[in-house]
Amino acid sequence: MGFALLGSLGSYVSVRDSHHWNVRFQSFTLKERFVVGFNLAKNFRAYKKFGRVSLCKSEFVDSEERTSPDEVRKEMEQCYELIHRLGRGVVYLGSSRMGPGHPHYSPTLELAREIANLLDCTTWTGAGPGLMDAAIKGAQEAGKAVGGFKIGKEAGEWTTSKFHPYLPSETYLTCRFFSARKHGLVDAVVRSSSSDKTAVVALPGGVGTLDEMFEILALIQLERIGSELPVPFIVMNYDSFYAKLLDFLDDCEDWGTVSKGEVSSLWKICNTNSDALAYLAEFYDLPFSVNKCMEQKQEAHVNQSLKMF
């Protein structure tokens with residue numbers, strides 16, 4: 001059976017013939033219109049063996065590669081290797097759309113810088129733009145290690161890229177599989193000894209941030225996060241961003257879908273950076289004062305200004 005297919009960027013195209021074959025193409029990255037020509041064998045075994053689609057630019061999409069559990073496992077191992085090399089630390093979850101002009105960007109940068117100084121640990125993010133970028137730059141200002149689990153395209157982005165614009169390639173991994181990426185984000189906060197200082201910091205965000213927040217929250221709730229010691233989970237409620245979400249969770253208590261005080265016992269809601277820093281200092285029994293935090297902030301600004309001359 002042979003035929004040609006005409007498609008466009010970002011489209012889904014399904015083709016069906018009299019033999020009930022279904023072929024689906026998703027989100028081609030070619031910018032121009034394209035033609036795909038291929039042949040499908042009637043014998044299923046032959047399809048499994050030669051399951052490839054040939055594009056007009058001599059590119060190949062291997063169906064075996066995309067569905068193989070071995071490929072997912074291999075990517076998870078790469079995530080674990082990166083964490084082992086850079087060290088566990090604080091994972092930041094947050095919007096990819098809140099860029100430098102957003103009012104939550106600067107507070108996030110400052111928070112990441114101060115936490116990196118306080119805990120002296122690696123800063124982990126999804127290595128994307130927005131608040132993830134703010135956390136990266138904050139850690140870099142503190143002179144601490146940064147690691148990331150990137151995906152090809154974040155929400156709100158128009159282009160796909162495997163590369164981070166400025167992070168060294170050995171400090172991040174571009175994940176093809178969300179499951180591997182999530183494993184990496186969880187493993188980066190696991191504590192195996194009292195010397196491990198890690199945390200989860202949930203910044204304002206959308207669907208992806210909420211997905212990651214509640215998956216980690218559920219793992220903590222069910223004691224399946226894999227950590228021998230408790231991991232602090234902070235929700236940054238800048239400008240009451242999560243107020244309605246918290247109201248909804250209160251309603252869940254009234255409906256009986258969660259126990260009274262169950263969710264509030266699993267994370268700490270912080271309205272300001274000082275609240276978050278004070279909580280982490282108390283959690284890890286570290287010296288901390290708001291005045292000292294302000295002094296470090298002023299010193300960082302002075303150092304940044306000196307670099308400009």
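Contact here means heavy atoms within 4.5 Å. The structure is a predicted model, and contacts are described below for several of its residues and elements.

The chain averages a pLDDT of 81, and 70% of the residues score at least 70. Over residues 1-44 the pLDDT is below 50, and this stretch has 70 contacts in the model beyond near neighbours in sequence. The pLDDT also stays under 50 over residues 46-64, for which the model has 29 contacts beyond four places in sequence.

The largest nonpolar core holds 36 residues, of which Phe149, Met213, Ile216, Phe233 and Trp267 touch the most other members. Two or more residues of this core come from each of α3 (69-86), β7, β10 (172-175), α6, β11 (199-202), α7 (207-221), β12 (233-236) and α8 (243-255). Helix α3 gives the most, with five residues. A second core, separate from this one, has 26 residues, including Met98, Ala134, Met236 and Tyr284.

Phe149 is one of the core residues that touch the most other members. Its contacts, leaving aside neighbours within four places in sequence, are Cys79, Leu82, Ile83, Trp124, Thr125, Gly126, Ala127, Leu173, Cys175, Arg181, Gly184 and Leu185. Among the aromatic residues, a search of the whole structure finds six pairs. Trp124 and Phe149 form a stacked pair, with 5.1 Å from centre to centre and 10° between the planes. Trp124 belongs to strand β8 and Phe149 to strand β9, so the pair ties together parts that are 25 residues apart in sequence. Both Trp124 and Phe149 are buried. Tyr279 and Phe283 make a pair that is tilted, because the ring centres are 6.1 Å apart and the planes lie at 50°. These two residues are four residues apart in helix α9 and are thus separated by about one helical turn. Phe283 is partly exposed, at a relative accessible area of 29%. One aromatic cluster is formed by Phe214, Phe233 and Trp267.

Helix α9 spans residues 273-283 and contains Asn273. The buried residues of α9 are Asn273, Ala276, Leu277, Leu280 and Ala281. Seen down the axis of α9, these residues fall within an arc of 130°, so they line one face of the helix. An α-helix has 3.6 residues a turn, so residues three or four places apart point the same way. Asn273 has a relative accessible area of 15% and counts as buried because this value is under 20%. The side chains of Asn273 and Tyr238 are joined by a polar contact of 2.5 Å. Not counting residues up to four places away in sequence, Asn273 touches Pro107, Glu110, Leu111, Met236 and Tyr238. Just after α9, Asp285 takes a positive phi of about 55°.

Helix α5 (residues 131-141) is mostly covered, as eight of its 11 residues are buried. The buried residues are Leu131, Met132, Asp133, Ala134, Ala135, Ile136, Gly138 and Ala139. These pack against two helices, α4 (105-119) and α6 (178-187), and against the strands β7 (89-93), β8 (122-125) and β9 (146-151). Ala134 of this helix is also among the residues of the second core. Helix α5 is followed by Gly143, whose phi is positive, near 75°.

Two further buried residues lie in strand β12 and helix α7. Val235 is found in β12 and is buried, with a relative accessibility of 1%. Not counting residues up to four places away in sequence, Val235 touches Ala202, Met213, Tyr242, Trp267, Lys268, Ile269 and Cys270. Met213 and Trp267 are among the residues that touch the most other members of the largest core. Val235 and Leu93 are 142 residues apart in sequence, and their C-alpha atoms are 9.6 Å apart in space.

Glu212 is found in helix α7. At 13% relative accessibility, Glu212 counts as buried. Leaving aside neighbours within four places in sequence, Glu212 is in contact with Leu93, Arg181 and Leu185. Arg181 and Leu185 also appear among the contacts of Phe149. The C-alpha atoms of Glu212 and Gly94 are separated by 9.3 Å, and the two residues are 118 residues apart along the chain.

Note on methods. Residues numbered from 1 in each chain as written. Predicted model: local features only at pLDDT ≥ 70, side-chain atom pairs only at ≥ 80, totals over all residues. Heavy atoms only, no water. Buried < 20%, exposed > 50% of the residue type's maximum accessible area, 1.4 Å probe, protein only. Polar contact = N/O pair within 3.5 Å; in protein donor to acceptor, adjacent residues only side chain to side chain. Core = buried A, V, L, I, M, F, W, Y, C linked by side-chain atoms within 4.5 Å. pLDDT = per-residue confidence, 0-100. Phe/Tyr/Trp six-rings, centres within 6.5 Å; stacked < 30°, edge-to-face > 60°. Arc of directions from axis to C-beta.
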